Amino acid sequence: MARSEPGPASTPWTHWRRFATPPIEIKGLHYRYAASETEALRGVDLRVDEGEFVAVVGANGSGKSTLARLLGGLDKPSAARRAAACGHDLLTERGRWAARRAVGVLFQNPENQIVGENVEEDLAFGLENLAWPSERIRARVDEMVAAFGLGELRRREPHLLSGGQKQRTALAGVLAIPRKVLVLDEPTAMLDPAGRDEVLEAVERERAAGLTIVFVTQEMDEVVRADRVVALERGRVAFEGSPRELFAAPALVRRLSLGLPAAGALALALADLGAPLQPLPLTLDELVAALVGTSSGSGS
Amino acid sequence: MRTAIAQYYPAESALHSRDPRAKFVAVAAVAVALFTRDSFVALAVYGAAALVALAVSRVPLAWYWRGLKPVLWLIALTFVAQLFFVPGRALVALGPLKVSGRGLELASYLSLRLIVLVLVGSLVTLTTSPISLTDAIAWLGRPLRRVRVPTEEIALMMTIALRFIPTLLVETETIMRAQRARGAAFDRGGPLRRARALIPLLVPLFVLSFRRADELALAMEARCYRPGIVRTRMHPLHAGMGDWLLLAIAAAVIVLASLL
Amino acid sequence: MKGASERAGAASGVAIACQGVSFAYLEGDRGVKALNEVTFSLSAGATVALLGPTGSGKSTLLQAMRGLLEPNEGEVRLDGLSRGEPGFAERQREVGIVFQTPEMQLFAMSAFEDVSFGPRQLGWPTDDVRAAAEEAMEQVGLPVAVFGARHPYSLSGGEQRRLALAGVLAMRPRVLLLDEPFVSLDPVARRELAAVLRALVAGGIGLIVATHDVDHAWALCEERLVLDGGRLVASGPWRFGDGGEADLVQHRLAVPFPVRLWERLGRPLTGAPRSAEQAAEALVAPAARKGSG
């Protein structure tokens with residue numbers, strides 16, 4: 001529902017276009033902070049196809065947040081062979097402005113994203129910036145309120161919202177502008193479990209509707225649901241593949257200072273005691289199935 | 001954590017539904033008129049009009065009283081200053097202090113005028129949501145754009161400032177408590193000592209505020225904001241018959257007060 | 001000024017109890033009850049997890065326990081003493097509290113100076129202040145030699161959090177109140193912090209941790225207080241088995257992972273493992289031990 005823009009009917013040309021211009025196409029991306037000697041990103045390649053859900057992980061300082069900002073056109077790359085978001089060239093100012101329209105970015109701190117004096121006003125903010133006519137804004141805000149379950153909170157002031165409600169509001173505000181890509185920078189880091197679930201549910205809905213998603217996170221349980229994981233290490237891509245492949249390499253996980261999903265950590269502890277489970281289970285269900293399948297787990 | 005600043009009391013009344021620009025202009029005109037002529041009769045007219053508006057606004061009197069409380073000291077000070085220190089024939093003497101007839105007259109007039117002024121101001125702030133007020137000010141200030149005054153941006157700044165006041169208050173309170181738990185004392189010693197004692201409060205507050213500004217700016221840019229753009233509004237201002245009527249009534253009141 | 005050996009003996013914590021504590025703050029015209037007749041009693045040296053969804057009153061309760069706000073009703077007792085009784089103020093100074101955002105505490109130009117603030121405010125002689133600050137920084141894994149001169153805001157999130165903790169440890173508290181210490185930390189930083197806390201507990205400090213990281217709470221703490229909407233809905237040692245975990249699920253909290261696993265495997269929940277390593281050991285152990293719970 002974030003993609004309510006009318007588009008051409010599917011033709012061989014549009015199919016080819018889909019393949020030829022992926023939403024995110026980055027080659028050799030470099031970024032250096034103004035006052036810094038070291039580069040935050042040192043030659044990152046990243047390609048995200050339409051509808052994909054890509055997780056980006058890495059230790060603090062690995063460049064994840066910097067990458068998220070650049071993908072949204074919010075900052076200027078120091079250099080790149082190619083840097084395009086939805087076909088817009090991130091190396092030019094005009095391209096970046098266009099990218100801000102097509103790529104939505106949700107940040108970590110729910111408090112510092114809400115501008116409006118109440119939920120409704122905040123949802124309208126982005127659309128007002130795009131100079132949409134008032135009736136279209138009102139209709140779109142109604143849509144978002146319905147889609148994100150904000151009906152009761154419509155007129156509520158931000159400081160009276162819980163963390164999860166704030167982040168849901170912020171997400172609705174970001175997606176009020178119809179987007180092709182959604183980038184999330186550790187959106188659940190400051191939330192309690194209930195708030196996390198609220199936000200993750202909303203993201204899954206968008207994913208199911210076909211939105212391309214880049215999800216930066218430190219929570220390994222959130223990584224498991226991704227189609228693909230990109231792991232950064234000191235500004236470079238150190239790994240790219242499926243979550244399963246990543247977690248099946250504990251030495252790599254350790255080197256990159258990543259954790260494991262809870263099930264994986266437990267399975268790893270078993271492996272250390274000489275009772276490995278193959279393949280490495282990543283969810284509670286998989287762990288239970290693996291244990292019940294062997295002799296050391298059954299409880300009855 | 002509520003403050004008295006820009007206190008808004010939501011309700012359904014003839015005043016609440018008026019265009020904020022009309023309210024703003026009406027009140028500004030009355031405020032100016034109040035000061036152009038010193039006359040009890042004029043003041044009585046304005047006072048009566050204010051009381052009528054008060055009744056129409058459907059806001060509980062307690063809220064108007066709350067708006068007066070912060071300036072009570074000023075009213076009292078004005079009253080006392082005029083009462084005792086205006087020369088003239090003494091009506092009553094309390095030791096060395098003389099209360100002159102003229103003093104009593106002035107004291108009453110100035111105090112009452114202050115009260116009417118505050119009431120009239122409260123009529124706007126209590127019946128207009130902060131965002132409508134900033135919209136009104138932005139619209140009224142549009143001519144200033146010709147001389148490069150960024151009225152739109154200022155209006156947005158005011159909206160954001162208002163939105164963050166409760167947040168800032170909580171943060172300040174929390175920082176004070178955290179530092180108090182480490183033995184900081186904010187209420188001891190002379191002015192110099194107290195100023196130094198504020199450092200553990202001010203540094204964190206500034207750091208958090210700068211970080212907030214950074215993050216908020218980024219979030220706003222991510223939603224396609226940039227200074228200088230022309231923005232539409234979800235609820236645009238729309239002046240109707242009722243608003244012109246309000247302006248007409250205000251004008252009538254001013255004319256009446258001037259003539260009597 | 002307490003030396004290390006004295007501290008190990010005396011640092012058996014402070015017994016904190018709340019009796020009918022209620023606290024409301026004003027929101028516009030209405031009073032919002034942050035705490036509603038909260039009553040519980042903790043023994044000295046207890047390790048307690050304070051659980052509850054955001055807005056349930058955890059922060060308010062911690063602050064009330066430290067005396068940073070006055071309850072509208074009821075009272076907080078430290079070692080059985082009420083406010084105003086001799087010895088209460090002293091006990092209160094021995095309750096250390098670390099807030100959720102380290103940036104709310106850090107203000108000095110160097111890490112060492114910041115950590116020294118607390119002991120200096122307590123009026124300790126200069127040498128004692130220095131010793132306490134150095135020891136505190138060691139305890140949290142930020143050795144003075146490396147981190148002392150660093151500017152607090154140049155440190156990473158995890159380091160800042162540990163620095164704020166050091167600032168409180170330097171005042172030699174006997175019990176530590178922590179408000180959401182794990183939020184926003186990456187997994188490595190969380191593990192490091194948990195290790196620091198475990199070492200502190202082993203040294204005799206009492207611990208009350210408000211957190212929604214239920215897995216770390218389960219590993220660190222022997223008992224829990226569960227708040228929901230300002231009311232205390234559960235207290236005492238963790239209770240899984242006989243539907244005990246309904247405490248958590250009913251109040252929208254997560255259940256620790258090892259416990260969820262044990263439940264799925266049909267194993268008895270009393271004595272469920274506290275960590276991944278313990279769980280692995282229990283799984284690998286001979287099957288005969290399994291039924292004894």
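Trainee: What radius of gyration does chain B have, next to that of a compact globule of 260 residues?

Mentor: Keep in mind that we're looking at a predicted model. A compact globule of 260 residues would come out near 18 Å. The C-alpha atoms of chain B fill a box of roughly 65 × 60 × 40 Å along the principal axes, and the radius of gyration of chain B is 23 Å.

Trainee: How much of chain B counts as buried?

Mentor: Take its make-up to begin with: chain B has 10 helices and two strands, in the order α-α-α-α-β-β-α-α-α-α-α-α from the N terminus. Among its contacts between residues at least 6 apart in sequence, 76% join residues at least 24 apart. As for burial, the share of its 260 residues that counts as buried is 27%.

Trainee: How many residues of domain 2 of chain B are in contact with domain 1 of chain B?

Mentor: The assignment splits chain B into domain 1 (20-142 + 237-259) and domain 2 (151-222), with 34 Å between their centres over C-alpha atoms. On the domain 1 side, the touching residues are four nonpolar, two polar and two charged. Eight residues of domain 1 take part, and the number from domain 2 is six.

Trainee: Which elements do the buried residues of α6(B) pack against?

Mentor: Helix α6 of chain B covers residues 130-140, and its buried residues include B:Ile131, B:Leu133 and B:Asp135. Within chain B, the buried residues of this helix pack against α1 (20-36) and α7 (151-180). There's a partner from another chain too, so to speak across the border, and the full set is α1(B), α7(B) and α4 (119-129) of chain A.

Trainee: Which element gives the largest share of the side of chain B that touches chain A?

Mentor: This contact takes 26 residues from chain B and 32 residues from chain A. On the chain B side, α6, α7 and α9 (199-222) each supply at least two residues. By class, that side has 16 nonpolar, three polar and seven charged residues. The largest share, eight residues, comes from α9(B).

Trainee: Why can chain A be called as compact as a globular protein of its length?

Mentor: Chain A has 12 helices and 10 strands, and its C-alpha atoms fill a box of roughly 65 × 50 × 45 Å along the principal axes. Of its 300 residues, 51% count as buried. The globule rule gives 19 Å for 300 residues, and chain A is close to that, so it is as compact as a globular protein of that length, with a radius of gyration of 21 Å.

Trainee: How far apart are the centres of domain 1 and domain 2 of chain A?

Mentor: In chain A, the assignment gives domain 1 as 12-242 and domain 2 as 260-300. Taken over C-alpha atoms, the centres of these two domains are separated by 34 Å.

Trainee: Which strands stand at the edges of the six-stranded open sheet in chain A?

Mentor: Read along the sheet, the order is β6-β7-β8-β3-β9-β10, with mixed pairing. The twist from one strand to the next averages 20°. An edge strand here has a single partner strand, so one side of it is left without a neighbour in the sheet, and that fits β6 (103-106) and β10 (236-241) of chain A.

Trainee: What is the bridge partner of A:Val230 in β10(A)?

Mentor: Strand β9 of chain A, residues 228-233, pairs with β10(A) in the antiparallel sense, over five bridges. Look across from A:Val230 to β10(A), and the partner is A:Glu240.

Trainee: Which residue in the turn between β8(C) and β9(C) has a positive phi?

Mentor: Strands β8 (residues 223-228) and β9 (residues 231-234) of chain C pair antiparallel over three bridges. C:Asp228 stands opposite C:Arg231, and the hairpin leaves two residues between the strands. The one with a positive phi, about 60°, is C:Gly229.

Trainee: How many nonpolar residues are on the side of chain C that touches chain B?

Mentor: The contact takes 22 residues from chain C and 18 residues from chain B. On the chain C side, β1 (16-27), α4 (111-121) and α7 (157-169) each give two or more residues. Six residues of that side are polar and three charged, and the nonpolar count is 13.

Notes. Residues numbered from 1 in each chain as written. Chains lettered and ligands numbered in written order. Predicted model: local features only at pLDDT ≥ 70, side-chain atom pairs only at ≥ 80, totals over all residues. Contact = placed C-beta atoms within 7 Å. Helix = DSSP H or I, 4+ residues; strand = E, 2+ residues; numbered from the N terminus. Nonpolar A, V, L, I, M, F, W, Y, C, P; charged D, E, K, R; others polar. Domains from an automatic or database assignment. Pairing = 2+ DSSP bridges. Rg over C-alpha atoms; globule rule 2.2 N^0.38 Å. Buried ≥ 20, exposed ≤ 12 C-beta atoms within 10 Å, placed from the backbone. Axes fitted to C-alpha atoms, helices over the stretch in contact; angles between N-to-C directions.
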